[in-house]
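Subject: Structure for your review

Dear colleague,

I am handing over the structure below, with my notes on it underneath. Please have it open while you read, so that each residue can be checked in place.

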Amino acid sequence: MSTEAVHDILFVSRHDFRTKRKASLHFLARQMAVDHRVRFVSIGFSPLSRLRRDSRCFLESVANTWQSIDGVSCCLWKTPLHPIDVGTGLVRAVVGRLYDLWSHWPSADFDRAAAASDVIFVESGIAPMFIRRLRRHAPHARIVYIASDLLSTALVHPRVQTILERDAHLLDLVIVQARSMLPAFRSFGVPLVFLPHGLERSLLEAEVPSPYTGPRNVVSVGSMLFDGDAIRAAATAFPDWTFHLIGCRPQGRYPDNVTIHPEMPFERTVAYLRHADLGFAAYADVSDGSYLVDSSMKLMQFGHLGLPALCPDFAAGDKPLRFGYRPGDAASIVAAFRRAATDGVPRDPERAKDWTQAAADMLEAVEAVPARDRADRPAA
């Protein structure tokens, strides 16, 4: 990866670099660590996380310490409590104020990591609560907001959106991973760039043995906005197909032809993707979900492999390998499944770039933004 200089990079995210389930930031951090110094701080973890079966619980014994993994310095920041979006009305408003208190919780490690960085990536989710704090400790750094999701679509507490808008002037760049997101950030007054995800192409394209024991297999991966009812409708209508759900959060009972697999490393997941007959991106019906046309990594993976895939109509776009249905409409789901499963569906792959190129493109976009004097832009 060739860029103008060696950077000290900090990622701030709800994800942790060490978990089995991989999001885009995992791959970007690993690629950037080849040529740069990279730290990754995972936030939003406390004893409450055990009650919510947080996938990071296996790291609790090493929380608030640094570990070096694949060249990335990782820290899971554990606090005594952290805010959770619960309740309605007045209760939810009170919870919103807890986000403010939590964002000021002392952490010398977090603040030192910010101060030592010249590039800071803040991922969509709850991380925008720390923009002002990051700017205070890193007045000369380029702070970049990565919009993997719109906060309203990802069901993030509205207080976080309020803080993001309040502190937008402290950002240097917003990177969106779907073109339809661009209008949501035009009022921020900072440069906007659309950069799609990359994919782990070397793994996706490797020859691996099939994990399936029979024919007609459907695969669904991940838990974001997962709609168990859509899976139930299809599995009930097509009992001669086997539905494999990997890393989802089960929602009630499923027909006997549904197999639920625990979260697994991507290296193992690839075999299920490569040898499936159909993919299923079972997103729940949400407002403003059209950005998933560009940003859904699972749909990109299906497309790269030439795998026909079912998804809600708002995520289908004009992609020939995507077969859209209306969420909550069982007849629509069954009809889309029949179309996707028809013999003779062209399987022309929709090739994506790999993460090496995606990381290089991201740093190039960052370096195009001048590092400015912050003396006239107070952070508080």
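The notes that follow take up the sheets, two backbone angles and the empty spaces in turn.

Please keep in mind throughout that this is a predicted model.

**Strand E5 and its neighbours**

I would begin with strand E5, residues 119-123, because five of its five residues are buried and the strand is thus largely enclosed by the rest of the structure. In a regular strand the side chains alternate between the two faces of the sheet. In E5 both faces are covered, with Val119, Phe121 and Glu123 buried on one side and Ile120 and Val122 buried on the other. Please note that Glu123 is among these buried residues, where the cut-off for buried is under 20% relative accessible area.

Strand E5 pairs with strand E1 (residues 8-13) in the parallel sense over four bridges, and with strand E6 (residues 142-147), again in the parallel sense, over five bridges. Val122 appears in both pairings, since it is the bridge partner of Val12 and also stands opposite Tyr145 in E6. From E5 the chain passes through helix H5 (residues 131-137) to reach E6, and this β-α-β crossover is right-handed.

**The six-stranded sheet**

There is also an open sheet of six strands, which are arranged in the order E11-E10-E9-E12-E13-E14 with parallel pairing. Its edges are formed by strand E11 (258-261) and strand E14 (322-325), each of which pairs on one side only, and the twist from one strand to the next averages 25°. At the E11 end, strand E10 (residues 242-246) runs parallel to E11 and is joined to it by four bridges, with Phe243 standing opposite Val258.

**Two positive phi angles**

Most residues other than glycine have a negative phi, and most peptide bonds are trans. Which residues, then, have a positive phi although they are not glycine? One is Asn64, with a phi of about 65°, which is found in the loop between helix H2 (48-51) and strand E3 (67-69) and counts as partly exposed because its relative accessibility is 36%. Another is Leu225, whose phi is near 50°; this residue is found in the loop between strand E9 (217-221) and helix H8 (228-237), and it counts as buried because its relative accessibility is 14%.

**Cavity and pocket**

Rolling a probe the size of a water molecule over the atoms shows where empty space is left. A search of the whole structure finds one cavity of 30 Å³ or more, and the largest cavity has a volume of about 40 Å³. Its lining includes Leu28, Gln177, Leu195, Pro196, His197 and Gly198, together with Lys353, Trp355, Ala358 and Met362. By class, six of the lining residues are nonpolar, three are polar and one is charged, and the largest share, three residues, comes from helix H14 (residues 355-367).

The second largest pocket has a volume of about 270 Å³. It is lined by 13 residues, among which Pro196, Asp294, Met300, Lys319 and Ala352 lie nearest its centre, and the classes in this lining are five nonpolar, one polar and seven charged residues. Pro196 is therefore a residue to look at in both places, as it lines the cavity and is named again for the pocket, whose volumes and linings are to be read with the prediction in mind.

With best regards

Conventions
Residues are numbered from 1 along each chain as its sequence is written. This is a predicted model: local features need pLDDT of at least 70, side-chain atom pairs count only at pLDDT 80 or more; totals for chains, interfaces and linings use all residues. Side-chain values use heavy atoms; hydrogens and water are left out. On a 1 Å grid over the protein atoms alone, a cavity is a set of points where a 1.4 Å probe fits but cannot get out, and a pocket is an open set with protein on both sides within 12 Å along at least five of seven lines; lining residues have an atom within 4 Å of a point. Grid points are joined across faces, edges and corners, and a volume is the space filled by probe spheres set on the points. Ala, Val, Leu, Ile, Met, Phe, Trp, Tyr, Cys and Pro count as nonpolar, Asp, Glu, Lys and Arg as charged, and the others, Gly among them, as polar. Helices (H or I, at least four residues) and strands (E, at least two) are DSSP runs, numbered from the N terminus. Buried means under 20% relative accessible area, exposed over 50%, partly exposed in between (1.4 Å probe, protein chains only). Two strands pair if DSSP finds at least two bridges between them. A crossover is right-handed if, with the strands pointing away from the viewer, the path from the first strand over the helix to the second runs clockwise. Axes are lines fitted to C-alpha atoms, for helices over the stretch in contact, and angles run from 0 to 180 degrees between N-to-C directions.
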